[in-house]
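Biologist: I am new to this structure and would like a close look at one part. Please start from a single place and work outwards from there.

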Amino acid sequence: MKLEVYADRMSQPSRAVIIFCKVNGIDYTELKVDISKREHLTPEFAEINPMKQLPAIVDGNFKLFESHSILIYLACAFPGVADHWYPADLFKRSKIHSVLYWHHSNLRRAAAAEAEKLLFSSLSKIESFWLKGDGPFLLGGNQPSIADLSLVCELMQLEVLDEKDRDRFFGPYKKVQQWIKHTRNATSPHFDNVHIILMKVKEKLTNKPLMEANHGGARDIEKRWRSRM
């Protein structure tokens with residue numbers, strides 16, 4: 001039976017899993033669960049993931065949720081996945097785990113809660129600590145790992161903001177900007193293809209008439225997207 005990936009591409013972790021499958025040639029069926037229609041809260045989806053969150057996978061009789069666990073499973077279970085994504089070396093693996101755990105308790109929280117202070121703090125930590133080393137990727141790597149993909153997909157949600165706000169977040173962090181670019185290039189063309197949905201949202205926000213924005217239209221939409229980060 002082909003791997004099934006339950007996802008909504010507006011979900012940052014969903015995009016990371018989809019990109020990973022595409023980059024590594026993993027044969028899968030993508031099953032959309034529309035968050036905006038609350039399809040993730042249905043009894044039918046609860047059979048796949050009792051926590052009612054995205055993404056989730058079904059591989060034969062095996063069901064799994066939580067994106068980091070899914071990425072680790074995919075890296076281990078499917079042949080042909082390059083070692084740099086989830087290295088066999090125990091020490092390198094443990095370092096990747098440390099980034100993933102940090103992600104959940106810092107960057108992920110900052111986005112979900114619209115906590116700008118925590119977001120700036122997270123970007124600063126990525127710039128000064130996780131990106132230190134000779135390589136362009138996290139932990140000084142010369143090639144991306146599942147941690148790079150997961151964190152970059154998280155930060156891509158900021159693309160829906162206007163240029164002024166986006167520059168306010170990313171402007172001070174040149175290494176972060178370069179790291180995002182390197183990860184994007186390393187997973188091309190799949191990275192951009194999977195993120196098309198975000199670009200459409202950004203275009204929609206940009207094209208909102210000024211009068212509507214002044215009455216809360218575009219700004220309210222923007223706030224809703226911030227709350228999903």
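Modeller: Some terms come first: helices are DSSP runs of H or I with at least four residues, strands are DSSP runs of E with at least two, and both are numbered from the N terminus. The model is a predicted one. With those terms, Pro 55 can be placed in the loop between helix 2 (43-46) and strand 3. The peptide bond that joins Leu 54 to Pro 55 is cis, with omega about 0°. Most peptide bonds are trans. Another cis bond runs from Ser 188 to Pro 189, where omega is near 0°; Pro 189 sits in the loop between helix 9 (174-186) and helix 10 (190-194).

From Pro 55 the path leads to strand 3. Strand 3 (residues 56-59) is joined by three bridges to strand 1 (residues 3-7), and the two run antiparallel. Within this pairing, Val 5 has Ile 57 as its bridge partner in strand 3. Strand 3 is also antiparallel to strand 4 (residues 62-65), with four bridges between them. Here Asp 59 faces Phe 62 of strand 4. Two residues separate the strands of this hairpin, and Gly 60 takes a positive phi near 70°.

After strand 4 comes the loop to helix 3, where Glu 66 is found. Glu 66 is not a glycine, yet its phi is positive, about 75°. Its relative accessible area is 35%, so Glu 66 counts as partly exposed. Arg 38 is another residue other than glycine with a positive phi, in this case about 60°. Arg 38 belongs to the loop between strand 2 (28-32) and helix 2, and with a relative accessible area of 55% it is exposed.

Glu 66 leads on to His 104, which touches Glu 66, His 68 and Arg 109 when residues up to four places away in sequence are not counted. His 104 is part of helix 4 and is partly exposed, its relative accessible area being 35%. Its C-alpha is 9.7 Å from that of Leu 151, although the two positions lie 47 residues apart in sequence numbering.

Next is the interior. The largest nonpolar core has 56 residues, and among them Phe 20, Leu 74, Ile 126, Leu 155, Val 176 and Trp 179 touch the most other members. Helix 7 (residues 146-155) is the main contributor to this core, giving seven residues. Domain 1 (3-86) and domain 2 (113-187) each supply at least three residues to the core. A second core is separate from it and has seven residues, including Val 33, Phe 45, Leu 54 and Ala 56. Leu 54 is thus a member of that second core and also the residue before the cis bond to Pro 55.

Phe 20 is worth following further. Apart from neighbours within four places in sequence, its contacts include Leu 71, Leu 74, Trp 85, Ile 146 and Leu 149. The structure has six aromatic pairs. In one, the rings of Phe 20 and Trp 85 have centres 5.5 Å apart and planes at 80°, so the pair is edge-to-face. Phe 20 is in helix 1 (residues 12-23) and Trp 85 in the loop between helix 3 (67-77) and helix 4 (90-105), so the pair ties together parts 65 residues apart in sequence. Phe 20 and Trp 85 are both buried. Elsewhere, ring pairs link Trp 102, Phe 129 and Trp 130 into a cluster.

Definitions and conventions
Residues numbered from 1 in each chain as written. Predicted model: local features only at pLDDT ≥ 70, side-chain atom pairs only at ≥ 80, totals over all residues. Heavy atoms only, no water. Phe/Tyr/Trp six-rings, centres within 6.5 Å; stacked < 30°, edge-to-face > 60°. Buried < 20%, exposed > 50% of the residue type's maximum accessible area, 1.4 Å probe, protein only. Contact = heavy atoms within 4.5 Å. Pairing = 2+ DSSP bridges. Core = buried A, V, L, I, M, F, W, Y, C linked by side-chain atoms within 4.5 Å. Domains from an automatic or database assignment.
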